[in-house]
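User: Please take a close look at one helix in this structure. Then show me how the rest of the chain fits around that view.

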Amino acid sequence: FKNFYCLNNNNNNRKVKIYKSLSNDPVFNLSAEEFLFEKADLDKQTLFLWQNEPTVVIGRNQNPFKECHLEKMKNEGVHLVRRYSGGGAVYQDLGNSIFSFISHVNDYDKNRNTELIVKAISNFNIPSQASGRNDIAIDNKKVSGAAFKYTVNRALHHGTLLVNVDLNKLEYYLNPNKEKLKSKGIASVKSRVVNLTDYNASINHDIFCNSLVKEFLKFYNAEAEIELLSPQILLENNEFKQSYSKLNDWNWRFGETPEFSHNLQHRFEWGHMDVNFDSNGGIITAFQIFSDSLFPQMIEGITNSLKGIKYDVEEVNTTLLRLEQLEQGQLYSQFIGDFRKWIITQL
C-alpha cells in the first residue's frame, strides 16, 4: 500500500485527508471513524479506509437478538458491534473493504461519493452502478451497501465493499429463524450479493484501496499522504478511549435494543410450557408462563427469577441453575433443569 500519491502538481485549494487503519479490531475502527467524524477538519474532504476481522455490525436501532445468531457468534469468536448510524445488519471479515467519507454537510454529496466507488471498481474492468437507495450492484447483484449519519455541520457516508467475503457466513450468522419474535426494530433486507473476486481474482483490500484513493485524489485534483492510524497512538487520547469503551460496553451493544416480545412453547413429559416475555434495552421486563404442570410453585419460581434479568444465555442459565439448586429436594427440581436446558437453546 503506497503511503503517498502525487497525481497533479497543480494542487488547488480543495484539500483532502486520507487515513487507513492498521487494526482489524471492529471496535477500534468504529471508534476511529467516530473520532474522525467529530474532529475532522471540515475544510477538507476526508476518506478513511479500514477492514474488520469477523464481525456482525448492526444499525443504531436494530435488535441483535433478531438480526444475529448470537450463540454461534460467541462460540466462534465473531464480534458484535452496534454502529452509531442507521441501516441494516452486515457481516464483515477480512474479505471486506470498508470506506468512510466525512465532510461538511454543505459539501456533502452521496451521489458523488458513490460514483467514486463505481469508478474505483471500473479500474478493474468491472462495470457497476448505483442501485436502490444506498447500494452498488454488479449484474443486479449487490456488491456494496452504505449507511449515513448527519449532525448540524457534519456528514458521514460509510459503506462496505464485498471483495472476497465468505458469503456462506452471511446466512450463517445473520437472521436466525425465530418465527415468533416480533420486534419494533428495523429488520435487515436480504438481497443477492456478489464478490469482486468473482470478476477479477487478483483484487484484494489493499489493491481496491489504491484504486479508490486514486479516484478520490483525481476528483479533488489533490495530493495527500495516507496517514496510518494505530491503537497504540489513539488509545492514549481520552476522548477516543471513551468512545472505544462505549462501543465495547454491553449496555451499548445490547442495552440499546428496541422493545420486542418473544413466545416459546414446548411440551415436556411433566407438562406443556407456553412462555411469553418482553424485553426492552436488553432486559427481560415481563415474563409469564402458561402451563398445565402440576407444580404451580415451580412456575412462579421460574417467573420471578427471570423477570428483570439480562436477556442473555449465560444470565438465564446461571439464574435457573441457581433456582434449581435452591429447590433441590423438591419433586420438581429436575423439571427446572429440563426447562433450563431447553430455553437456553432458544435464545
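**Helix α10 and its surroundings**

Analyst: The buried residues of helix α10 pack against four elements: strands β15 (271-280) and β16 (283-291), and helices α11 (313-326) and α12 (333-343). Keep in mind that this is a predicted model. Helix α10 itself covers residues 296-306. Which of its residues are buried? They are M298, I299, G301, I302, T303 and L306. Just past the end of α10 comes G308, with a positive phi of about 95°.

Now follow I302 inward. I302 is buried in α10. I302 also belongs to the largest nonpolar core, a set of 75 residues. Within that core, I302 is among the six residues that touch the most other members. The others are V56, L196, F208, L212 and F339. Helix α6, residues 205-220, contributes the most to this core, with seven residues.

F208 deserves a closer look. Residues up to four places away in sequence are set aside here. F208 then touches S97, I117, A120, I121, F124, L161, L196 and I203. One of these partners, L196, is also on the list of residues that touch the most other core members. A separate core lies apart from the largest one. This other core has 23 residues, including V27, L30, I98 and I102.

Helix α8 makes a useful second case. This helix runs over residues 238-248, and F240, S243, Y244 and L247 are its buried residues. Why do they line one face of the helix? Viewed down the axis of α8, the buried residues fall within an arc of 100°, so they line one face. N238 and Q242 sit on the other side of α8, and they are exposed. What do the buried residues of α8 pack against? Their partners are α1 (26-39), β5, α7 (231-234) and α9 (250-253).

Strand β5 turns up again at a pocket. The second largest pocket holds about 350 Å³ of space. Two elements each give two or more residues to its lining: α3 (70-75) and β5 (79-82). The largest share comes from α3, with four residues. The lining has 17 residues in total. L70, K74, R253, F254 and D312 lie nearest the centre of the pocket. By class, eleven lining residues are nonpolar, two are polar and four are charged.

For contrast, turn to a loop. N140 sits between β9 (135-138) and β10 (141-150). Is N140 buried or exposed? N140 is exposed, with a relative accessible area of 66%. Leaving aside neighbours within four places in sequence, N140 contacts Q129 and R192. N195 is 55 residues away from N140 along the chain, yet their C-alpha atoms are separated by 12 Å.

Last, step back to the whole chain. The protein chain has twelve helices and 16 strands. Its C-alpha atoms fill a box of roughly 85 × 45 × 30 Å along the principal axes. Of its 347 residues, 51% are buried. Consider contacts between residues at least 6 apart in sequence: 71% of them join residues at least 24 apart.

Technical notes:
Residues numbered from 1 in each chain as written. Predicted model: local features only at pLDDT ≥ 70, side-chain atom pairs only at ≥ 80, totals over all residues. Heavy atoms only, no water. Buried < 20%, exposed > 50% of the residue type's maximum accessible area, 1.4 Å probe, protein only. Contact = heavy atoms within 4.5 Å. 1 Å grid on protein atoms, 1.4 Å probe; cavity = no way out; pocket = protein on both sides within 12 Å on 5 of 7 lines; lining within 4 Å. Points joined across faces, edges and corners; volume = space filled by probe spheres on them. Nonpolar A, V, L, I, M, F, W, Y, C, P; charged D, E, K, R; others polar. Core = buried A, V, L, I, M, F, W, Y, C linked by side-chain atoms within 4.5 Å. Arc of directions from axis to C-beta.
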